[in-house]
Amino acid sequence: MPQPVPAQIEAEVIAALKTLSSRPIEPTLASDLIVDLGFDSVRVLEVIAELEDRFDVSIPLNDLPLTRTVAQVVALVTALVDGRVNA
């Protein structure tokens with residue numbers, strides 16, 4: 001399977017957010033998961049689990065407090081995917 005490029009990762013992250021949201025949302029890279037999108041801690045964990053499944057990565061829970069925006073989530077997933085490819 002070819003590795004996803006950052007644009008594909010961004011699209012997949014946004015799709016996961018839309019799927020797991022309890023209300024209609026249009027996430028942007030600047031959207032804050034909690035403030036703008038209304039996700040609670042449980043929903044954020046659901047997003048993390050979904051992204052781990054979609055990209056076959058393990059997202060460290062220690063990184064979550066520093067990951068508030070969609071752009072930060074995309075950057076984290078991209079770094080994990082790149083790390084897996086380069087490992």
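**Buried, exposed and in between**

Reader: Why does Ala-71 count as partly exposed?

Author: In this predicted model, the relative accessibility of Ala-71 is 32%. Buried means under 20% and exposed means over 50%. The value for Ala-71 falls in between, so the residue counts as partly exposed.

Reader: Where is Ala-71 placed, and what separates its C-alpha atom from that of Ala-30?

Author: Ala-71 belongs to helix H3, which covers residues 70–86. Its C-alpha atom is 6.3 Å from that of Ala-30, although their positions lie 41 residues apart along the chain as a separation.

Reader: What makes Pro-60 partly exposed?

Author: Pro-60 has a relative accessibility of 34%. That is neither under 20% nor over 50%, so the label is partly exposed. Pro-60 sits in the loop between H2 and H3. From its C-alpha atom to that of Leu-80, 20 residues away along the chain, the separation is 9.9 Å.

Reader: Asp-56 is in the loop between H2 and H3 as well. Why does Asp-56 count as exposed?

Author: The relative accessibility of Asp-56 is 61%. The cut-off for exposed is over 50%, and 61% passes it, so Asp-56 is called exposed.

Reader: What is notable about the phi angle of Asp-56?

Author: The phi of Asp-56 is near 55°. This is a positive value, and the residue is not glycine.

Reader: How do you know that Ser-41 is exposed?

Author: Ser-41 reaches 57% relative accessibility. Since the limit is over 50%, Ser-41 meets it and is exposed. The residue is in helix H2. In space, Ser-41 and Val-77 are 19 Å apart from C-alpha to C-alpha, and in sequence they are 36 residues apart.

Reader: Why is Leu-33 called buried?

Author: Leu-33 has a relative accessibility of 6%. Buried requires a value under 20%, and 6% satisfies that, so the name applies. Leu-33 is located in the loop between H1 and H2.

Reader: Which residues does Leu-33 touch, leaving out those up to four places away in sequence?

Author: Leu-33 touches Leu-17, Gly-38, Phe-39, Thr-67, Arg-68, Val-70 and Val-73. Ala-79 is 46 residues from Leu-33 along the chain, and their C-alpha atoms are separated by 19 Å.

Reader: Which members of the largest nonpolar core touch the most other members?

Author: They are Val-13, Leu-17, Leu-51, Phe-55, Ile-59, Val-70 and Val-77, in a core of 24 residues. At least two residues of this core come from each of helix H1 (6–20), helix H2 (41–55) and H3.

Reader: What does Leu-51 touch, not counting residues up to four places away in sequence?

Author: Its partners are Val-13, Ala-16, Asp-56, Val-57, Ile-59, Val-73 and Val-77.

Reader: How many helices and strands does the protein chain have?

Author: There are three helices and zero strands. The order from the N terminus is α-α-α.

Reader: Why does the radius of gyration of the protein chain agree with that of a compact globule?

Author: A compact globule of 87 residues would have a radius of gyration near 12 Å. The protein chain has 12 Å, so the two agree. The C-alpha trace spans about 35 × 25 × 20 Å along its principal axes.

Reader: What share of the residues of the protein chain is buried, and what supplies the exposed area?

Author: Of the 87 residues, 34% count as buried. The chain exposes about 5200 Å², of which carbon and sulfur atoms supply 58%.

Reader: How many positive and negative charges are counted in the protein chain?

Author: There are 6 positive and 13 negative charges, and their mean positions are 5 Å apart.

Notes:
Residues numbered from 1 in each chain as written. Predicted model: local features only at pLDDT ≥ 70, side-chain atom pairs only at ≥ 80, totals over all residues. Heavy atoms only, no water. Helix = DSSP H or I, 4+ residues; strand = E, 2+ residues; numbered from the N terminus. Rg over C-alpha atoms; globule rule 2.2 N^0.38 Å. Buried < 20%, exposed > 50% of the residue type's maximum accessible area, 1.4 Å probe, protein only. Areas by Shrake-Rupley, 256 points an atom, 1.4 Å probe, with all protein chains shown as cover. Lys, Arg positive; Asp, Glu negative; His and termini not counted. Charge placed at Lys NZ, Arg CZ, Asp CG, Glu CD. Core = buried A, V, L, I, M, F, W, Y, C linked by side-chain atoms within 4.5 Å. Contact = heavy atoms within 4.5 Å.
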